[in-house]
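Welcome! Take a moment to look over the model below, and then we can walk through a few of its features together.

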Amino acid sequence: MAKQVVTRTYTASIRNQQQVSDDLDSLGFSASKLWNVGRWTISRVWDEIDYIPEHDELTAYLKSHERYDDLHSQSSQRVLQELAEAFNGWYGKRRNGDTRANPPGYRKHGDEHPRSTVTFKNKGFKLDTQYNRVRLSKGSNLKEYWSDFVLCEYQTRPDVDLSTVESIQQVRTVWTGDEWELHFVCKVEIEVAEAPGEKTVSVDLGINNFAALAYEDGHSELYPLNCLKQDDYYFSKCIARCDDSDSEQATRLNQKKSRRRTHYFHTLSKHIVQRCVEEGVGTIVVGDLSGIREDEENGESKNWGKHGNLDLHSWAFERFTDLLEYKAEMEGISVEEVSERDTSKSCSCCGCKRDANRVERGLYICDECGMVANADVNGAENIRQKVSPSPATDGGDRSNGWLAQPSTFLFDKETGAFAPQERVTS
Ligand SMILES: [Zn+2]
């Protein structure tokens with residue numbers, strides 16, 4: 001076992017809910033109002049000069065606004081940061097070709113403001129783990145009414161002890177729909193397993209095969225998207241039958257679709273980490289997704305947008321990578337990101353770059369050395385070699401066909417697990 005410091009969020013209930021709920025309400029409403037001020041400002045700037053301001057620009061601009069002083073300055077900063085992140089996320093989707101994505105909205109329903117989450121950073125809270133109390137600072141505008149701070153008595157789950165964590169980064173007040181709760185974002189030291197081995201494997205994410213894996217010893221695995229494709233086809237048909245795309249029924253279908261997708265990502269990341277443990281892998285190499293954006297600028301993007309019936313955006317890949325990292329970390333396996341540049345164009349056997357080389361029916365064929373490989377596996381192998389060059393590439397013979405014959409794992413809806421596809425032998 002080895003020790004490692006990671007970030008964890010612990011949820012706690014508030015025992016003196018009645019005493020503090022009015023104060024927490026007014027902080028939550030204030031966060032919504034500040035969000036709206038920021039939202040309006042961004043639209044104005046965007047209309048005028050066609051530019052979305054970054055959060056520090058927004059903060060500098062709104063610092064003197066009356067609503068900014070409703071919350072502790074660090075809490076206000078965080079609201080504007082979330083707003084800027086929401087805008088960036090939406091802008092990214094638009095650039096990926098998602099024309100249906102809506103920009104972040106105003107937080108207002110008629111005359112009512114929703115209770116937004118408020119974040120308190122190090123200067124904005126004081127924790128007393130002996131008496132299980134936390135003091136949350138208000139902004140100067142709200143102080144005069146009652147007191148300078150809100151004193152919450154909290155209760156964490158029995159297995160969580162906040163006095164033993166390395167440090168507490170943030171406290172958040174979160175409205176659950178009928179009461180307030182606290183989220184403590186902590187740095188925690190955890191025991192992680194020793195790495196299962198020293199081998200490397202690479203994971204290339206894509207839209208034909210969601211993941212292609214290339215192991216150091218030469219074998220490879222494919223995880224096709226068939227199941228997500230069927231799901232997307234099914235749900236888009238159901239949603240199309242709804243009268244209104246904003247209807248409750250359509251919303252429910254969308255939520256169900258996204259829950260199933262999340263389940264798929266969880267199961268696949270778990271399965272891949274399990275395979276790594278079995279194979280003695282110590283390092284997983286994944287393609288750096290920001291490289292995709294670079295490629296887009298060069299006009300030769302991977303098609304991350306709509307693909308047949310499936311619309312998978314880069315955030316889906318980012319989310320999957322996060323899950324994979326989290327699960328690998330627990331097993332002592334490290335995850336490294338490398339640039340994907342040229343990994344789909346080069347021959348993983350002789351290094352020759354494709355111009356003359358062809359991709360036919362998903363196979364990469366190198367005219368230089370004669371290698372024939374599954375195109376996604378060839379890409380994965382190139383990613384892997386960026387971290388750990390394979391001895392087989394130095395004069396070894398890789399054209400023996402293993403790259404062309406990866407094992408394929410399919411998601412079995414009956415068992416909810418991945419199982420190897422039976423090889424068709426003729
Ligand atoms: Zn070659």
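## A buried pair of cysteines

At 2% relative accessibility, Cys366 counts as buried, since anything under 20% falls in that class. Cys347 is buried too, with a relative accessible area of 1%. Please keep in mind as you read that this is a predicted model.

What do these cysteines hold? Both help to coordinate the zinc ion, together with Cys350 and Cys369. In each of the four residues the SG atom is the donor, at 2.3 to 2.4 Å from the metal. The pair of Cys347 and Cys366 links distant parts of the chain, 19 residues apart. Cys347 sits in the loop between strand E14 (334–339) and strand E15 (358–360), while Cys366 belongs to the loop between strand E16 (363–365) and strand E17 (372–374).

## The shape of the zinc site

Along the chain, the donors of the zinc ion are spaced as C-x2-C-x15-C-x2-C. What arrangement do the four donor atoms form around the zinc ion? Their angles run from 107 to 112 degrees, so the arrangement is tetrahedral. For comparison, the ideal angle for four tetrahedral donors is 109.5 degrees.

## Helix H5 and its two sides

Now let us turn to a helix. Helix H5 covers residues 226–241, which is 16 residues. At 1.5 Å a residue they should span 22 Å, and the end C-alpha atoms of H5 are 23 Å apart, which agrees.

Which residues of H5 are buried? They are Cys227, Leu228, Asp231, Asp232, Phe235, Cys238 and Ile239. Looking down the axis of H5, you would find these buried residues within an arc of 135 degrees, so they line one face of the helix. Ala240 and Arg241, on the other side of H5, are exposed.

## Two loop residues with positive phi

Most residues other than glycine have a negative phi. Here are two residues to look at with that in mind.

Asp50 is not a glycine, yet its phi is positive, at about 60 degrees. You can find Asp50 in the loop between helix H1 (17–49) and helix H2 (55–62). Is Asp50 buried or exposed? Its relative accessibility is 61%, so Asp50 counts as exposed, the cut-off being over 50%.

Asn132 also has a positive phi, near 50 degrees. Its place is the loop between strand E3 (125–128) and strand E4 (133–137). With a relative accessible area of 35%, Asn132 is partly exposed.

Technical notes: Residues are numbered from 1 along each chain as its sequence is written. This is a predicted model: local features need pLDDT of at least 70, side-chain atom pairs count only at pLDDT 80 or more; totals for chains, interfaces and linings use all residues. Side-chain values use heavy atoms; hydrogens and water are left out. Donors are N, O and S atoms within 2.8 Å of the metal (3.2 Å for Na, K and Ca); water is not among the atoms, so sites may look incomplete. Four donors count as tetrahedral if all angles lie between 85 and 135 degrees; four count as square planar and six as octahedral if opposite donors are over 155 degrees apart and all others between 65 and 115; anything else is irregular. Helices (H or I, at least four residues) and strands (E, at least two) are DSSP runs, numbered from the N terminus. Buried means under 20% relative accessible area, exposed over 50%, partly exposed in between (1.4 Å probe, protein chains only). The expected span of a helix is 1.5 Å times one less than its number of residues. The arc is that of the directions from the helix axis to the C-beta atoms.
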